[in-house]
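Subject: Structure handover

Hello,

Here is the structure for your files. My notes on it follow below.

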Amino acid sequence: MISSITNGGKTHITYAHRHFPKIIELKCKKCKSKVIAKNLNASDEIEHFIDISNIEKTWNLLCVNCTYRKDLVWEELTEFDLWLKTEIRNINFWAWNTDHLKMIIKKLKKEDLASDKWMFFESYIPKIWLIKFNSNKEIRKLEKLIQK
């Protein structure tokens, strides 16, 4: 997860502000189930936000399976693994959350994203994913992550 946020990677350049989803799905360090990390400062009306200060740094973590609960800052959050990640054709794939994953699948299926609330993140999809994950076999593997 760290490399996805701390550098521009091969598909886009690094810039001064960081764009975050309001909710990130992580793997619980205690029981290995899904943890919902919700930004406490982001408005309920939005799905993602630009962090331009230290105000938006607090995240509330809640495991859906065990008693793990915690409030953390972004730097601590990056120590967790993402819940929605897999390897396909020796390429790492990940998504912030289920809605982000659904948008990526729509893009791979060449469906219209005009009304998708995650359309902003379309430009951040690595080009290698668009090239290598466009067959039905790879798309089915990504769709199985939704039921994870």
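**Helix packing**

Helix H3 (residues 98–108) packs against helix H5 (residues 136–146) at an angle of about 160°, and their axes are 10 Å apart. H3 is therefore roughly antiparallel to H5, a label used for angles over 145 degrees. H3 contributes Thr98, Leu101, Lys102, Ile105 and Leu108 to the contact, and H5 contributes Ile139, Leu142, Glu143, Leu145 and Ile146. The crossing of H3 past H5 is left-handed; that is, the near helix is turned anticlockwise from the far one by less than a right angle.

Some terms for the above. Axes are lines fitted to C-alpha atoms, for helices over the stretch in contact, and angles run from 0 to 180 degrees between N-to-C directions. Contact means heavy atoms within 4.5 Å. Helices (H or I, at least four residues) and strands (E, at least two) are DSSP runs, numbered from the N terminus.

**Ground rules**

The model is predicted: local features need pLDDT of at least 70, side-chain atom pairs count only at pLDDT 80 or more, and totals for chains, interfaces and linings use all residues. Residue numbers start from 1 along each chain as its sequence is written, and side-chain values use heavy atoms, with hydrogens and water left out.

**Overall**

The protein has five helices and eight strands. Their order from the N terminus is α-β-β-β-β-β-β-α-β-β-α-α-α. Of the 148 residues, 39% are buried (under 20% relative accessible area, 1.4 Å probe, protein chains only). The accessible surface (Shrake-Rupley method, 1.4 Å probe) comes to about 8700 Å². Carbon and sulfur atoms account for 50% of that surface. Take the contacts between residues at least 6 apart in sequence: 56% of them join residues at least 24 apart.

**The sheet**

Four strands form an open sheet, in the order S2-S3-S5-S6, with antiparallel pairing. The edge strands are S2 (23–27) and S6 (69–73), and each pairs on one side only. Neighbouring strands of this sheet are turned by 25° against each other on average, direction ignored. Two strands count as paired if DSSP finds at least two bridges between them. S2 and S3 (residues 34–39) pair over five bridges, in the antiparallel sense. Lys27 stands opposite Lys34 in S3.

**Residues to look at**

Which residues contact His100, leaving aside its neighbours within four places in sequence? They are Trp94, Ala95, Trp118 and Phe121. His100 is found in helix H3. The residue is buried, with a relative accessible area of 5%.

Two residues have a positive phi although neither is a glycine: Arg89 at about 50° and Lys110 at about 65°.

- Arg89 is in the loop between strand S7 (84–88) and strand S8 (91–95). Its relative accessible area is 48%, and Arg89 is partly exposed (from 20% to 50%).
- Lys110 is in the loop between H3 and helix H4 (127–132). Its relative accessibility is 67%, and Lys110 counts as exposed (over 50%).

Glu79 lies in the loop between helix H2 (74–77) and S7. Glu79 is exposed, with a relative accessible area of 55%. Glu79 and Lys29 are 50 residues apart along the chain, and their C-alpha atoms are separated by 9.6 Å.

Best wishes

Terms used:
Parallel < 35°, antiparallel > 145°, perpendicular 65-115°, else oblique.
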